[in-house]
Amino acid sequence: MALGPIKKVVLGSVAFAVFWILAVFPAVPFLPIGRTAGSILGAMLMVIFKVITPEQAYDAINLPVLGLLFGTMVVSIYLERADMFKHLGVLFSWKSRGAKDMLCRICIVSAISSALFTNDTTCVILTEFILKIARENNIRPEPFLLGLASSSNIGSSATPIGNPQNLIIAIQSGISFGEFVLGLLPAVLLGVFVNALNLLCMFWRLLSDVEEDSAVHQISLATMSSPKSLESHECDPITEHVTSQSSPVINRNGGHSKNLKNRLSELDMCSDSCGEIELKKPVLSKKEATDNMFSEIGEQKEESFARGGVQGTMEMMTDLESGPQQSTEESKGQLNRWKRLCIYLGTVGMLVAFLMGLDMSWTALTTALIFVILDFKDAGPCLEKVSYSLLVFFCGMFITVDGFNKTGIPGSLWSLMEPHARIDHASGIAVLAIVILLLSNVASNVPTVLLLGAKVAASAIAISPSKEKKAWLILAWVSTVAGNLSLLGSAANIIVCEQALRAKPSYNITFWSHLKFGFTSTLIVTTIGLAIVYCYDV
């Protein structure tokens, strides 16, 4: 594509530069208006400078992407109310065998969760659990936070709904949900494993020191209410009590569960024999202890998360009458048991519809509307939690990127790179991957996909029509994993970093500490994944 008129090129570049600066550095001193307003400003400048017409600006907005984003946001909100993410949090400590085991669980759980509920949502919800584990154990949360952010980014590449750039790729390419998953799942599985292995190697000494301190290990298990054998906690009555409750029929030693009287007697004997332990609080039931734990987390999170509770797990372990319990849940903003079941089944149905090849945008919107109707109350409080600023940001970004494409600059640059970035040989794939990696960390991954998507696909079609799908999958893989390279490479990284800074006590993941891990991990995971994606035929 040839360059446009010089006036159009200059003014279009200025508008795109304004958008890029405010998108990457939303709090610049001379114009601290944020990313969303920055994207609207960039779009407005494109129209004012007559780089594109108002009609072209409206046409540039990709409504299917916005519909899919909105639908998945609403579904995620109802899943949060149905305690889905708290069930995932419990998996972090259930029968945990130490800090290394905990790190591996975080990598696996966050990867699975991000593939189904987006990487940003996963990081928002699960960061608090990880910070609490680190706080109770008095250890640096860095390896666990890095594991959460990096594994969420890798895992999100497995599905079209895992992150925004995948949504765009799936809709523009026409690749079905099933083909997308089959094409990237092997690379994701191996990528999560390699990423976890890299974290273990980098933080082996720190994690080993934690495991050597048995007292720290007990605190972690007691805090997260995970089952553990009595013999490993002989002088920890709180842990012993939670353990006996967590296995109502048989404990790990093979004995039958004890009644309340026997457990109280054991607490008294243990208190006498272990003088260092002082019981300052009455013994709580498992339900009460777990609810108290999440209420502490809720004090540090937004109100929507604090209202969640964990009664979904506890209900299957108790024989409480459903009537009073449901009224209590409703007053706290929770969903009762049958509504939670409907939410879970509806989510599974949505994923099945995706696999069947139904339109993803309308499927997500329909599922969201069904959940609103099932809730049978004013949907305003739930819809208020939708990130409308993100949707507005995407509208402005679509217009800005389309205007920048019409200047001819991206096309001209790609014409220079295209002969060296063909995917029919290894060196071409390497060059293409480097371009995507660098551009994703400079301009962010979503604009990168918008700028390069059609051009990479056209280049692949020129080689062979069968290469088009492979080119889209390579773009999806590299642009997503590129988010692990630097702290600014992914919104998930920023979410984890900002929540760690706001926590008490706060913890700061610096740009250089993230780069120290992210550089090696990104290069290794990207290379291995590229080989699998290219060689594996769906």
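Accessible areas here come from the Shrake-Rupley method with a 1.4 Å probe, and for residues only the protein chains shown count as cover. This is a predicted model, where local features need pLDDT of at least 70 and side-chain atom pairs count only at pLDDT 80 or more, while totals for chains, interfaces and linings use all residues. Residues are numbered from 1 along each chain as its sequence is written, and side-chain values use heavy atoms, with hydrogens and water left out.

Q: What share of the area that the protein exposes do carbon and sulfur atoms supply?
A: Let's start with the surface. The protein exposes about 23,800 Å². Of this area, carbon and sulfur atoms supply 65%.

Q: How many helices and strands are there in the protein?
A: Both are DSSP runs numbered from the N terminus: helices are H or I with at least four residues, and strands are E with at least two. By that rule, the protein has 0 strands and 28 helices.

Q: Is T347 buried or exposed?
A: You can find T347 in helix α19, residues 337-355. Buried means under 20% relative accessible area, exposed means over 50%, and partly exposed lies in between (1.4 Å probe, protein chains only). T347 has a relative accessible area of 7%, so T347 is buried.

Q: Which residues is T347 in contact with, leaving aside its neighbours within four places in sequence?
A: Contact means heavy atoms within 4.5 Å. With the neighbours within four places in sequence left aside, the partners of T347 are V75, L79, F117 and F371.

Q: Which helix supplies the largest share of the lining of the largest cavity?
A: On a 1 Å grid over the protein atoms alone, a cavity is a set of points where a 1.4 Å probe fits but cannot get out, and lining residues have an atom within 4 Å of a point. T347 is one of the lining residues of the largest cavity, and V75, L79 and F117 are also among them. Helices α4 (63-81), α6 (99-117) and α19 each supply at least two lining residues. The largest share, 4 residues, comes from α4.

Q: What is the relative accessibility of T53?
A: Now look at the loop between α2 (34-48) and α3 (54-60), where T53 has its place. The C-alpha atoms of T53 and G403 are separated by 9.3 Å, although these residues are 350 residues apart along the chain. T53 counts as partly exposed, because its relative accessibility is 36%.

How values were computed: 1 Å grid on protein atoms, 1.4 Å probe; cavity = no way out; pocket = protein on both sides within 12 Å on 5 of 7 lines; lining within 4 Å.
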